[in-house]
Amino acid sequence: MNIKTIVGNAILAALYIAVSAVIAPFGFTNIQFRISEMFNHLIVFNKKYIFGIILGVFLTNLFFSPMVAYDLIFGVGQSLLALTITIVSSRYIKGIWTRMAVNTVVFTVTMFLIAIELNLALGFPFLFTWLTVAIGEFVVMAVGMPVMYFVNKRVNFEKMV
């Protein structure tokens, strides 16, 4: 990794943490709207963003989660799984919009891991919790698609790391 990649990912992790801190009350229960999740779309522009996203998720869960141990395992695991699926599938999917749509679906579906976490930690019913966290994730990721697309037009995410 070169300095540009390290610095870019450090800035991304810091942004993820800062945005998560602002919305912390809405980011950690069975109804989640973690706005910082829209940064997951950066992976469709360049797979090197995986480091900053995972670091941001890890540190956010470490500093702000009421269920630190669970979130460090399930939250980071869910992000790593979804990002990896998106990276692998992006080899076969052309077009930024299509990749972001697939990324949105992947993140939405893999929220079953968060539902398992909340079931184990707090006794929430699995299926209903999966539905509620998946809806929150879908909304944030869907809103994030045009946001990240238009910011990319100005910033060019592919070349930043």
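S79 is buried in this predicted model, with a relative accessibility of 2%. The residue belongs to helix α3, and, once residues up to four places away in sequence are set aside, S79 touches I54, V57 and F107. L83 also has F107 and I54 among its contacts when neighbours within four places in sequence are left aside, and the rest of that list consists of N40, I43, I50 and I53.

**The nonpolar cores**

L83 is one of the residues that touch the most other members of the largest nonpolar core, a set of 28 residues in which L42, F45, Y49, M100 and M148 share that standing. The elements that contribute two or more residues to this core are α1 (3–22), α2 (50–64), α3 (68–90), α4 (96–109) and α6 (126–155). Among the contributors, α6 provides the largest share, with 5 residues. A second core, separate from the one just described, comprises 6 residues, including M111, I114, L118 and A134.

**Aromatic pairs**

Across the whole structure, a search finds 7 aromatic pairs. In the pair formed by Y70 and F74, the ring centres lie 6.5 Å apart and the planes stand at 25°, so this pair is stacked, since planes under 30 degrees apart count as such. Y70 and F74 are 4 residues apart in helix α3, which places about one helical turn between them. The two partners differ in their burial class: Y70 is partly exposed, with a relative accessible area of 33%, whereas F74 is buried, with a relative accessible area of 18%.

W97 and Y149 make up another aromatic pair, and this one is tilted, with 4.6 Å from centre to centre and 35° between the planes. Because W97 lies in helix α4 and Y149 in helix α6, the pair ties together parts that are 52 residues apart in sequence. Here too a partly exposed residue, W97 at 38% relative accessibility, is paired with a buried one, Y149 at 18%. Ring pairs also link F45, Y49 and F157 into a cluster; of these residues, F45 and Y49 have already appeared among the members of the largest nonpolar core that touch the most others.

**Pocket and cavities**

What volume does the largest pocket have, and which residues lie nearest its centre? The volume is about 240 Å³, and of the 14 residues that line the pocket, I11, L15, L42, F157 and M160 lie nearest its centre. Two elements, α1 and α6, give two or more residues to this lining, and the largest share, 6 residues, comes from α1. By class, the lining has 12 nonpolar residues, together with 1 polar and 1 charged residue. F157 therefore appears both here, as one of the residues nearest the pocket centre, and in the ring cluster with F45 and Y49, where pairing requires ring centres within 6.5 Å. L42, likewise near the pocket centre, is also one of the residues that touch the most other members of the largest core.

The structure also holds 2 cavities of 30 Å³ or more. In the second largest cavity there is about 40 Å³ of space, and its lining is formed by Q32, F33, R34, E37, M111, V133, G136, E137 and V140. These lining residues divide into 4 nonpolar, 2 polar and 3 charged. M111, named in this lining, is also a member of the second nonpolar core.

**Residues outside the helices**

M67 sits in the loop between α2 and α3 and is nevertheless buried, with a relative accessible area of 11%. The C-alpha atom of M67 is separated by 20 Å from that of I53, a residue 14 positions away along the chain. N156 is found in the segment after α6, and although it is not a glycine, N156 has a positive phi of about 60°. At 31% relative accessibility, N156 counts as partly exposed.

The accessibilities of several residues discussed above are collected here.

| Residue | Relative accessibility | Class |
|---|---|---|
| S79 | 2% | buried |
| M67 | 11% | buried |
| F74 | 18% | buried |
| Y149 | 18% | buried |
| N156 | 31% | partly exposed |
| Y70 | 33% | partly exposed |
| W97 | 38% | partly exposed |

Conventions:
Residues are numbered from 1 along each chain as its sequence is written. This is a predicted model: local features need pLDDT of at least 70, side-chain atom pairs count only at pLDDT 80 or more; totals for chains, interfaces and linings use all residues. Side-chain values use heavy atoms; hydrogens and water are left out. A nonpolar core is a set of buried Ala, Val, Leu, Ile, Met, Phe, Trp, Tyr and Cys residues joined through side-chain atoms within 4.5 Å. Buried means under 20% relative accessible area, exposed over 50%, partly exposed in between (1.4 Å probe, protein chains only). Contact means heavy atoms within 4.5 Å. On a 1 Å grid over the protein atoms alone, a cavity is a set of points where a 1.4 Å probe fits but cannot get out, and a pocket is an open set with protein on both sides within 12 Å along at least five of seven lines; lining residues have an atom within 4 Å of a point. Grid points are joined across faces, edges and corners, and a volume is the space filled by probe spheres set on the points. Ala, Val, Leu, Ile, Met, Phe, Trp, Tyr, Cys and Pro count as nonpolar, Asp, Glu, Lys and Arg as charged, and the others, Gly among them, as polar. Rings of Phe, Tyr and Trp (its six-membered ring) pair if their centres lie within 6.5 Å; planes under 30 degrees apart count as stacked, over 60 as edge-to-face and the rest as tilted.
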